[in-house]
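Visitor: I am new to this structure and would be grateful for a close look at one part of it. Please also explain where that part sits in the whole.

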2 protein chains.
Amino acid sequence: MADQKKMVEAITSMDEDFAKWYTDVVKKAELVDYSSVRGCMILRPYGYAIWENIQKILDTRFKELGHENVAMPMFIPESLLQKEKDHVEGFAPEVAWVTYGGSEKLTERLCVRPTSETLFCEHYAHIIHSYRDLPKLYNQWCSVVRWEKTTRPFLRTMEFWWQEGHTMHETAEEAIAETEQMLNVYADFCEDSLAIPVLKGRKTEKEKFAGAEATYTIEAMMHDGKALQSGTSHYFGDGFAKAFDITFQGRDNKPAYPHQTSWGMSTRIIGAIIMTHGDDNGLVLPPAIAPIQVVIVPIAQHKPGVLDKAAELKARLKGICRVKVDDTDNSPGWKFAEYEMKGVPLRLEIGPKDMEQNQCVLVRRDNREKIIVSLDELETKIPQLLQAVHDGLYEKARQNRENRTKTATNMEELKKLAEENSGFFKAMWCGDLECEEKIKEEAGLSSRCMPFEQEKVSDVCVCCGKPAKSMVVWGKAY
Amino acid sequence: MADQKKMVEAITSMDEDFAKWYTDVVKKAELVDYSSVRGCMILRPYGYAIWENIQKILDTRFKELGHENVAMPMFIPESLLQKEKDHVEGFAPEVAWVTYGGSEKLTERLCVRPTSETLFCEHYAHIIHSYRDLPKLYNQWCSVVRWEKTTRPFLRTMEFWWQEGHTMHETAEEAIAETEQMLNVYADFCEDSLAIPVLKGRKTEKEKFAGAEATYTIEAMMHDGKALQSGTSHYFGDGFAKAFDITFQGRDNKPAYPHQTSWGMSTRIIGAIIMTHGDDNGLVLPPAIAPIQVVIVPIAQHKPGVLDKAAELKARLKGICRVKVDDTDNSPGWKFAEYEMKGVPLRLEIGPKDMEQNQCVLVRRDNREKIIVSLDELETKIPQLLQAVHDGLYEKARQNRENRTKTATNMEELKKLAEENSGFFKAMWCGDLECEEKIKEEAGLSSRCMPFEQEKVSDVCVCCGKPAKSMVVWGKAY
């Protein structure tokens with residue numbers, strides 16, 4: 001157990017320094033390495049395997065809903081980026097510019113895509129002619145680049161991996177329905193696959209995407225009470241269509257502009273998983289996206305039959321879960337700590353004494369509960385326990401969010417809440433940018449969203465006292 | 001049938017202008033669109049779906065062999081690219097340079113990766129310490145950029161999509177075995193999944209990858225007799241390891257340099273599929289990677305029961321093949337031409353008369369053979385016919401290659417062969433760069449490879465008449 005202690009001691013505790021704890025987990029669980037390019041991360045095999053599992057679930061869901069994948073170029077000519085005014089204002093300050101090809105200076109600079117609305121619009125202008133060509137439901141998996149000043153693995157990196165859906169519709173109603181549908185896909189994914197409860201709502205004008213008419217968001221609460229924007233879905237109306245001259249012949253034979261959406265989820269969500277479920281022993285992974293769901297650790301593996309039994313169990317289980325045997329010559333204690341650090345949901349211990357009694361020990365990562373299970377029952381018990389881990393993680397996260405969600409009716413209350421702790425603070429808002437900026441300045445809180453499920457916690461704006469238009473959830477954000 | 005004729009007429013015939021035929025197919029089959037970035041292509045849904053099928057098959061095979069996926073940054077600092085002398089000489093003239101981040105000029109230029117050896121080496125230097133850390137078997141799926149002067153969709157584009165495997169081994173023998181193994185994976189994939197026969201061999205010094213000790217290649221022959229390099233696998237020895245100071249503690253407790261490989265296959269292979277199997281009616285896809293393997297075309301679909309029957313057949317077949325019903329109001333003739341253009345391997349026609357007789361018509365894309373099949377036998381007949389299409393395509397390609405493979409024993413013969421036609425020309429070589437360059441200059445032929453299966457077609461070099469070292473296959477290449 002000396003080994004185990006050593007590894008556990010090696011990470012900072014969450015209470016001592018949450019930011020340091022986060023960086024320790026990311027590194028010790030071998031999710032990420034740093035490269036010599038400032039602010040860019042390397043996704044190591046274990047980190048990338050999590051992303052692959054996320055991709056598989058989302059991609060299947062997107063395709064079930066009729067979306068098709070495409071691949072756009074990674075470069076955008078400066079003139080193309082400039083076509084939509086709000087969009088270029090939002091993104092131009094934070095793009096990487098290619099100015100040379102080999103030794104030849106380019107006549108027009110190319111930016112590395114920070115997002116691909118402009119590229120999709122240029123393509124849609126080529127291929128949309130008639131209402132029969134609509135809807136176009138495209139998605140792409142790629143990486144994008146934003147020239148960030150300060151970066152942290154997963155949460156904010158210069159380059160990150162994501163999917164970006166870009167769709168075009170005949171009517172505004174259909175486009176709005178798509179925007180809402182995709183937000184619900186993200187919300188369901190977070191809750192059902194990642195065990196992360198999320199708050200659905202609409203962004204304020206200040207916080208919406210550059211060029212969008214409306215941005216919808218799902219906001220998750222991290223263990224430390226800070227918010228993390230976990231997925232967004234944007235409705236563009238026909239603004240880009242007009243800027244890019246995309247028209248189609250409508251059912252009435254008249255030319256019309258299509259209505260547009262985009263929606264994205266990125267590797268940032270891995271940061272949310274870490275900060276929602278992790279603990280002082282390391283990562284804790286929700287079973288649906290865990291690269292290894294069950295790790296088999298042989299006990300006294302030099303004793304006859306133990307390794308054979310472990311291999312036999314793996315062969316039995318590989319049809320129902322992602323399973324691995326660790327038969328290296330590290331000590332069991334070292335292995336326990338290693339797979340706890342990596343957040344593997346279930347550990348299966350099997351040794352000579354267990355074998356005599358036709359049983360094994362299963363240990364849940366989330367609460368360290370030990371369960372002795374007959375080897376005959378593994379095929380039923382393991383799926384049950386994986387579900388129990390998921391449910392346990394979800395419930396813990398939900399409770400944390402509930403405990404940290406408070407209500408304020410005036411600025412003094414709001415400032416006091418923000419000083420005392422991080423969390424989701426419900427307060428009414430008049431809708432004015434001025435009040436939103438004052439709340440940011442005085443309480444250090446940004447508007448996370450105007451939840452779809454509105455509550456009337458007061459009649460007046462928490463800031464100016466004028467009549468309120470909507471309830472906003474405020475918080476500190478990653 | 002007027003519709004069908006119109007579509008067929010719209011593409012140039014192969015014999016008239018092979019290059020134009022190729023561009024027509026790429027566009028009419030909706031594989032690709034052009035963007036406003038010179039030399040970059042957009043992979044449209046149908047083109048990308050082919051790439052996804054290729055990815056699935058290769059990725060599964062890589063993982064079976066113990067490889068793990070990672071994601072590296074897309075940027076390489078100039079100083080990192082320069083660490084290995086031969087490598088930077090090969091790539092620096094053709095990279096895109098990022099010089100600005102937002103409005104800030106960078107102190108060091110970053111190139112957009114043309115390939116990622118340098119990034120992998122930097123990472124390996126961090127994580128390889130002991131022989132216990134070896135082998136490292138990493139792969140990544142991404143796009144890379146090479147600043148090409150002239151471009152053609154799939155064959156040569158500024159940005160292209162690929163996978164790049166990068167592995168590190170304890171010994172030279174293991175690394176060489178990996179290099180050969182991965183070449184065989186590519187060769188088997190081409191033959192078993194793409195129905196493309198390939199020639200395996202080693203590249204000459206002149207043609208090998210910048211920085212490699214040895215480059216192995218698979219060369220395919222296109223319908224017009226030109227060669228297409230379809231996958232490469234490189235052995236690096238410990239050259240990069242020394243340049244990047246990657247050392248490990250060996251079994252003898254002494255420090256040692258690991259031995260390295262890399263290997264890649266790209267979207268270029270889609271160009272090979274098009275030019276190996278396509279015909280004057282458009283694309284012809286090998287079943288293993290066809291996005292739609294069977295298209296059901298209802299005949300007289302307004303008649304009662306026809307569309308229901310088509311839907312019922314689709315439901316029955318979707319467990320055994322990728323199947324689609326086209327129930328749009330286009331004419332059957334239009335649909336026939338459309339799915340021929342898109343290269344769908346099998347067409348299933350079902351109409352009222354067929355229904356009366358409990359049968360349907362199946363039409364093979366490769367040879368247009370029509371087969372009447374009882375509806376009761378579909379589940380056995382369709383897999384058989386898909387296999388027959390694969391075999392037919394392979395055999396046709398193999399025969400084309402055989403017909404166009406010739407032997408030359410002196411320069412006059414070689415020049416005459418090269419003038420008369422394109423093909424694979426077997427001729428002996430002394431091993432000198434001078435002769436290789438002269439053959440390029442005088443006959444317009446490059447060395448495709450030194451095949452693993454050597455034949456002694458003469459004793460002396462086809463160019464200088466000195467004693468020959470090996471047989472080379474020469475050709476014109478894409």
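Guide: What follows considers one hairpin of chain A and then its wider setting. Please bear in mind throughout that this is a predicted model.

The hairpin is formed by strand 18 and strand 19 of chain A, with 5 residues between them. Strand 18 covers residues 359-364, while strand 19 covers residues 370-374. The two strands run antiparallel and are joined by 5 bridges. One pairing may serve as a point of reference: A:V363 has A:K370, in strand 19, as its bridge partner. In the turn, A:R368 has a positive phi of about 60°. How many of the 5 residues of strand 19 are buried? The count is 0, and strand 19 is accordingly described as hardly covered.

As to the surroundings, the domain assignment divides chain A into domain 1 (2-71 + 120-277), domain 2 (292-387) and domain 3 (406-475). By these bounds, the residues of both strands, 359-364 and 370-374, fall in domain 2. The centres of domain 1 and domain 2 of chain A, taken over C-alpha atoms, are separated by 35 Å.

Chain A is accompanied by chain B. A turn of 180°, with a shift of 0.0 Å along the axis, lays chain B on chain A with an RMSD of 0.0 Å. This is the relation of a two-fold axis. Within chain B, the C-alpha nearest that axis belongs to B:V98, at 2.1 Å from it. Of the interface residues of chain B, 98% are also interface residues in chain A, so the copies meet through the same surface.

Terms used: Residues are numbered from 1 along each chain as its sequence is written. Chains are lettered from A and ligands numbered from 1 in the order in which they are written. This is a predicted model: local features need pLDDT of at least 70, side-chain atom pairs count only at pLDDT 80 or more; totals for chains, interfaces and linings use all residues. Domain bounds come from an automatic or database domain assignment. A residue is buried if 20 or more other C-beta atoms lie within 10 Å of its own, exposed if 12 or fewer, and partly exposed in between; C-beta atoms are placed from the backbone. Helices (H or I, at least four residues) and strands (E, at least two) are DSSP runs, numbered from the N terminus. Two strands pair if DSSP finds at least two bridges between them. Copies are superposed by least squares on the C-alpha atoms of residues with pLDDT of at least 70 in both. Two residues are in contact if their C-beta atoms, placed from the backbone, lie within 7 Å.
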